[in-house]
Amino acid sequence: MTSPQNAPVPARRMAPIPNLIFASRWLQLPLYLGLILAQAVYVVQFWVELVHLIEAAFGNQAALITLVKSTGYQAAAIFGPDGKSVIGYEPITHLNETIIMLVVLALIDVVMISNLLIMVIVGGYETFVSRLRLEGHPDQPEWLDHVNASVLKVKLATAIIGISSIHLLKTFINAANYTDKVLMWQTVIHIAFLFSALAIALADRIMHPPGTGAAGPAAH
């Protein structure tokens, strides 16, 4: 027999103004639909880059030129008689390890940004708009069970650090084509992302210490 304390609370009819304010959360729906379209663009971009890589591996010069331009790669410089002035660059006639690595890192970058979009779309919709009701679904993300605004911020900060790491690695691999100032500032910005993520995680830990929960101690 259900005790009065455990009986479900009937939903109360909201007043017009609170109901309008609460319903305004649905204004975010077009934003999440727009992010889904943005992810579709990333999928197309991923396959375009992958097709170019495969074509270049089989000797397609047009695809090779496209990859070189998209990655910003330059071959070894050709110096003039004085040994200091650059008069040109050696021609790029085939794929090399550096170009392949830059293209693969660009593909990984697209995948990580796509993962970030999924976190924002699914977690943001679940947190701020409406429940997805995925309980019992075999493909329910594990992190969605305990998602809230704080957890979502920490996960997004971690994902941004991963994306920044990929960009920084691409820059270091192609460091010969960047100035020392660009290398320094990219490193500083990446370190700033790290400290920002640590600060967000620390603030979340202070506000929600381990072992505390909304349910409180179990009743005997």
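Student: Leaving aside its neighbours within four places in sequence, which residues is Arg-25 in contact with?

Tutor: Two residues fit, Phe-128 and Val-129. Keep in mind that this is a predicted model.

Student: Where does Arg-25 lie?

Tutor: Look at the loop that joins helix 1 (16–23) to helix 2. Arg-25 sits there.

Student: How far away is the nearest side chain of opposite charge to Arg-25?

Tutor: That side chain is Glu-126, at 11 Å. A salt bridge needs nitrogen and carboxyl oxygen within 4 Å. Arg-25 has no salt bridge, yet it is buried.

Student: Which side chain does Glu-126 meet in a salt bridge?

Tutor: Glu-126 pairs with Arg-131, at 3.2 Å from N to O. The structure holds one salt bridge.

Student: Are the two partners, Arg-131 and Glu-126, buried or exposed?

Tutor: Read relative accessibility against two cut-offs: under 20% is buried, over 50% is exposed. Arg-131 counts as exposed because its value is 56%. Glu-126 counts as buried because its value is 10%.

Student: Now the overall layout. How many helices and strands does the protein chain have?

Tutor: Count six helices and two strands. From the N terminus on, the order is α-α-α-β-β-α-α-α.

Student: What share of the contacts comes from residues 24 or more positions apart?

Tutor: Take contacts with a separation of 6 or more in the protein chain. Residues 24 or more positions apart account for 64% of them.

Student: Which residues show a link of that kind around Ala-159?

Tutor: Ala-159 is in helix 5 (residues 149–173). Beyond its neighbours within four places in sequence, Ala-159 is in contact with Met-112 and Leu-116. Its C-alpha atom is 8.1 Å from that of Asn-115, 44 residues apart along the chain. Ala-159 counts as buried because its relative accessible area is 14%.

Student: What share of the residues in the protein chain is buried?

Tutor: Buried residues are 25% of the 220 in the chain. The exposed area is about 15,500 Å². Carbon and sulfur atoms supply 67% of that area.

Student: How do I read a nonpolar core?

Tutor: Start with the general idea. In soluble globular proteins, nonpolar side chains tend to be buried together.

Student: Which residues form the largest nonpolar core here?

Tutor: There are eleven: Leu-53, Ala-56, Ala-63, Leu-64, Leu-67, Val-68, Tyr-73, Leu-95, Ile-99, Leu-102 and Val-103. Helix 2 (29–57), helix 3 (61–71) and helix 4 (97–128) each give two or more residues to this core. Helix 3 gives the most, with four.

Student: What is Val-103 in contact with, leaving aside its neighbours within four places in sequence?

Tutor: Val-103 is in contact with Leu-53, Leu-67 and Thr-71. Leu-53 and Leu-67 are core members too.

Student: Which nonpolar residues form a patch on the surface?

Tutor: A patch takes residues with over 30% relative accessible area. Here Ile-160, Met-184, Trp-185, Val-188, Ile-189 and Phe-193 form a nonpolar one. Together they have about 540 Å² of accessible area.

Student: Which element gives the largest share of the nonpolar patch?

Tutor: Helix 6 (residues 180–207) does, with five residues. Val-188 is found in that helix.

Student: Why does Val-188 count as partly exposed?

Tutor: Because its relative accessibility is 40%. That value falls between the buried and exposed cut-offs.

Methods. Residues are numbered from 1 along each chain as its sequence is written. This is a predicted model: local features need pLDDT of at least 70, side-chain atom pairs count only at pLDDT 80 or more; totals for chains, interfaces and linings use all residues. Side-chain values use heavy atoms; hydrogens and water are left out. Patches are made of residues with over 30% relative accessible area and no salt bridge: like charges are joined within 9 Å, nonpolar side chains (Val, Leu, Ile, Met, Phe, Trp, Tyr) within 5 Å. Accessible areas come from the Shrake-Rupley method with a 1.4 Å probe; for residues, only the protein chains shown count as cover. Buried means under 20% relative accessible area, exposed over 50%, partly exposed in between (1.4 Å probe, protein chains only). Contact means heavy atoms within 4.5 Å. A nonpolar core is a set of buried Ala, Val, Leu, Ile, Met, Phe, Trp, Tyr and Cys residues joined through side-chain atoms within 4.5 Å. Lys and Arg count as positive and Asp and Glu as negative; His and the chain ends are not counted.
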